[in-house]
Amino acid sequence: MERAQPAQAAATAAHERTGLDAASLAGAISSHLRYTVGRLPALATPHDRYLAVALTVRDRLQHRWAATTLRYLQPGTRVGCYLSAEFLLGPHLGNNLLNLGIEDAMREALASLGDDLDTILGQEEEPGLGNGGLGRLAACYLDSAATLQRPLVGYGIRYEFGIFDQEIRDGWQVEVTDKWLARGNPWEIAKPEVAYLVSWGGHAESWRDDQGRERRRWVPASQVHGVAYDTPIQGYRVDTCNTLRLWSAQAVQSFDVDAFNTGDYYSAVSQKVKSETVSKVLYPNDEPAAGKRLRLSQQYFLVSCSLQDMLALLARAGDPVEAFADRFAVQLNDTHPAIAVAELMRLLLDEYALTWDQAWAITVRTFGYTNHTLLPEALETWPLPLFAELLPRHLEIVYEINARFLDLVRARFPGDEARVRRMSLIGEEGDKTIRMAHLAVVGSHAVNGVAALHSALLGTSLLRDFHDLWPERFSNKTNGVTPRRFVALANPGLRRLITREVGDGWLTRLEALRGLAPHAEDPGFRAEWRAVKRANKARLAAYIASTTGVLLDPDWLFDVQVKRFHEYKRQHLNVLHIVSRYRRLKADRGFAPPPRAFVFGGKAAPGYFLAKRIIKLIHAVAATVNADPEVNTRMRVAFVPNFNVQNAVLVYPAADLSEQISTAGKEASGTGNMKFTLNGALTIGTLDGANVEIREEVGADNFFLFGLTVDEVARLRRDGYRPEACIGADGELAAVLDLIDGGHFSGGDRQVFDALVRNLRHEDPFLVLADYRAYLDCQARVDEAWADQERWTRMSILNAARAGKFSSDRAIREYCDDIWHLPPVSVALG
Ligand code: NBG
């Protein structure tokens, strides 16, 4: 037998790692199953087979990833760094197949092995390293940056436990820990050699360096290692493969030697375990700041590892530290990583001996800050004593930044001490606090909100004083979502239909969806559009039936609200409408609205009492409605448990109506609203967040608008809002509230919804009752529009066709052009 030449053998081996055809994929999967996963094909579980497939795909990313990384290390390449406490990535496999363009080849490869892609896709445990919109936005931005060939690195935390899994027991949310790493994560590569020391506690002291300069340094009390785990972020149909680098805490080797020497082995080990808790668990609070010590430690851990990593990369490239801001643009995703301002200053001053002015100039040039909320309770402040204890040297630096900053304010606004107090980095009302949003603004050259309305309100309310001082720093960057995951992957039927009509360019130039608009006038096309929607509804109905037992008819109007539970998002307003409809159906046999399925989904923060009651109320109403033959042929209510990226892609494409009903001025942007619109749902919504821009794009005729505006909300509050007055003026509303707290949906139990209804009756901080009547009237307009299916379909097509603006490609291009100054960098495969 002839032996293969070495060069030929090497080429064959490389092909097994890189080949994109079905035969190469099949060969690689078999070999990974056998030799990496270590299972005999006959004994392999579906999860084993998933691992083999994932490793096969990861191999295909590897040389693109290496080439991209090498390219970014070249001198003069500017790199963006997205610092975020959350990245809600969702499953990798399907996305990587799509972006590499090997979905069909993989189907064929698996079929040749007697396997099937959908089974394999169903095996993936999604990394839930985020709470909701903010974390998912970060994930969309990584996808877009890679696709646009922009050098962007994501920096975050490798939480051992991500967002909890939500189970529903007896209608209540129960939290179950998310052990996403239990069966291994084939998408990450551990880099134990990329590790940095992170310190805590102790004190700061003065010393004199060998040039006789007076210096400060930090003498910490404890330390932990942050170890890098890298995940490839493959762009769509390009060779760029960017990196998401997540830090995991690992005890330093020589921990607490004293305890060890005196024989207290167990306490030494417990110290080790304790130091590693910093990356254990994601805080499950969506908006309210947690205010906890461990949370501040996490934030500092993320920031310190990431900045040290940038400095190390700078050194490796041979660039001087003075070039830091030329090489790196660092974006602060909300205030969670805002301590980076003080940490970069500390590194530049204490470790690199720069002067204050040099260090400060670099810092401000480096950072940009994105604000994601106006809710006062979500604004992070840290109790000063906690901050002082954990980060004593940073406190000194914050004081110095503040002193210099307030001098500037005084110079600009002489005699305005009230303004000085408002703008200070230190809050002095009650116990002293560090105001992280102020630190972020002062330390950044660019500040942005996430939708036009939100950015405008930032400048006139929350950050008004800062806007007065530095108007040029402020801009808007309306959020966007990736059409790859949220249309192409989520909605294969629509993808085919769109591509047939406008070609496949829309996947990277979403404005091309405009080409669909003329087809809205074509009855044949409308029928096809409806057929796609109906199939998606049947798919969701099957999922809901299998997870909850509730049966929904795909011919009904699917009215959907999925998002975190929060009073300002007003899921309870939706419930009041459902109960009103139920009452009318019960009272009036002649009332025959088009049948509707009301679908909810979302998690509540575990400690959020009212939000959890709202979830319970939905289940209570659902149980009553769904079991009542007098109404269940006209309406049903379902709750999708454990809303996450994996099931979100079943939900958005199946919606006819998207509920975006927050109190005006409260939702910074929303991104679910965009996912629905792109999948052809019509929105019922208030003039809040990005709803405003969605309505502008799709046209007022194709949007169900209701409710108080920001100005009207402010006026109502100023004049003294009395929910009692709304109840007094509206008999139906009064009856609906009575039904709920009278125990109608809770088997006579008047306790369970008492706090919730009492809150509405007497406080109603989010003006649910004030918007109730307008909302009901608007829902009647929805019924009317739905009754004319041709009209509805036309509106649906126009919504999708005109939603191109809401691509995260557009958003990331704006960040790259206006804030980060990151031109495209093309990657050549060697
Ligand atoms: C959320 C807002 C949403 C917005 C996302 C992404 C936080 C603090 N804010 O309206 O509530 O869409 O951020 O910008 O999670």
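Two strands pair if DSSP finds at least two bridges between them. Helices (H or I, at least four residues) and strands (E, at least two) are DSSP runs, numbered from the N terminus. The model is predicted: local features need pLDDT of at least 70, side-chain atom pairs count only at pLDDT 80 or more, and totals for chains, interfaces and linings use all residues. Residues are numbered from 1 along each chain as its sequence is written, and side-chain values use heavy atoms, with hydrogens and water left out.

**Exercise 1. Strand β1**

Task: State which strands pair with β1, and in which sense. Then decide whether β1 is enclosed or not.

Solution.
Step 1. Strand β10 (residues 328-333) pairs with β1 in the parallel sense over five bridges. Within β10, Q331 stands opposite Y82.
Step 2. Strand β2 (residues 152-157) also pairs with β1 in the parallel sense, over four bridges. Here G154 is the bridge partner of Y82.
Step 3. In a regular strand the side chains alternate between the two faces of the sheet. From β1, V79, C81 and L83 point one way, and G80 and Y82 point the other way.
Step 4. Buried means under 20% relative accessible area, exposed over 50%, and partly exposed in between (1.4 Å probe, protein chains only). Five of the five residues of β1 (residues 79-83) are buried, so the strand is largely enclosed by the rest of the structure.

**Exercise 2. Two open sheets**

Task: Give the strand order of the six-strand sheet, its edge strands and the helices that pack on it. Do the order and edges for the three-strand sheet as well.

Solution.
Step 1. The six strands run in the order β19-β18-β17-β20-β21-β22, with parallel pairing, and the sheet is open. Its edge strands, β19 (635-640) and β22 (704-705), each pair on one side only.
Step 2. Inside this sheet, β17 (residues 557-562) and β18 (residues 596-601) pair over six bridges in the parallel sense. G601 in β18 stands opposite V562.
Step 3. Helix α24 (residues 609-627) packs on the sheet and touches β18 and β19; contact means heavy atoms within 4.5 Å. The direction of α24 makes about 140 degrees with that of β19. Axes are lines fitted to C-alpha atoms, for helices over the stretch in contact, and angles run from 0 to 180 degrees between N-to-C directions.
Step 4. Helix α33 (residues 789-801) touches β17, β20 (657-660), β21 (682-685) and β22, and its direction makes about 90 degrees with that of β21.
Step 5. The three-strand sheet is open and antiparallel, in the order β12-β14-β13. Its edge strands are β12 (381-383) and β13 (426-427). β13 pairs with β14 (residues 433-435) over two bridges, and I426 has I434 in β14 as its bridge partner.

**Exercise 3. Cavities and the largest pocket**

Task: Find how many cavities of 30 Å³ or more the structure has, and describe the lining of the largest cavity and of the largest pocket.

Solution.
Step 1. On a 1 Å grid over the protein atoms alone, a cavity is a set of points where a 1.4 Å probe fits but cannot get out; a pocket is an open set with protein on both sides within 12 Å along at least five of seven lines; lining residues have an atom within 4 Å of a point. Grid points are joined across faces, edges and corners, and a volume is the space filled by probe spheres set on the points.
Step 2. The search of the whole structure finds six such cavities. The largest holds about 840 Å³. It is lined by 50 residues, with G132, G133, L134, D286 and R564 closest to its centre. Helix α7 gives the largest share of this lining, four residues.
Step 3. The largest pocket holds about 870 Å³. Its lining has 29 residues, and R107, D118, L121, L489 and P492 lie nearest its centre. By class, 13 are nonpolar, six polar and ten charged. Ala, Val, Leu, Ile, Met, Phe, Trp, Tyr, Cys and Pro count as nonpolar, Asp, Glu, Lys and Arg as charged, and the others, Gly among them, as polar.

**Exercise 4. K569**

Task: Is K569 buried or exposed, and which residues does K569 touch?

Solution.
Step 1. K569 sits in the loop between β17 and α23 (571-587).
Step 2. Its relative accessible area is 8%, so K569 is buried.
Step 3. Not counting residues up to four places away in sequence, K569 touches D286, Q561, K563, R564, I661, S662 and E667.
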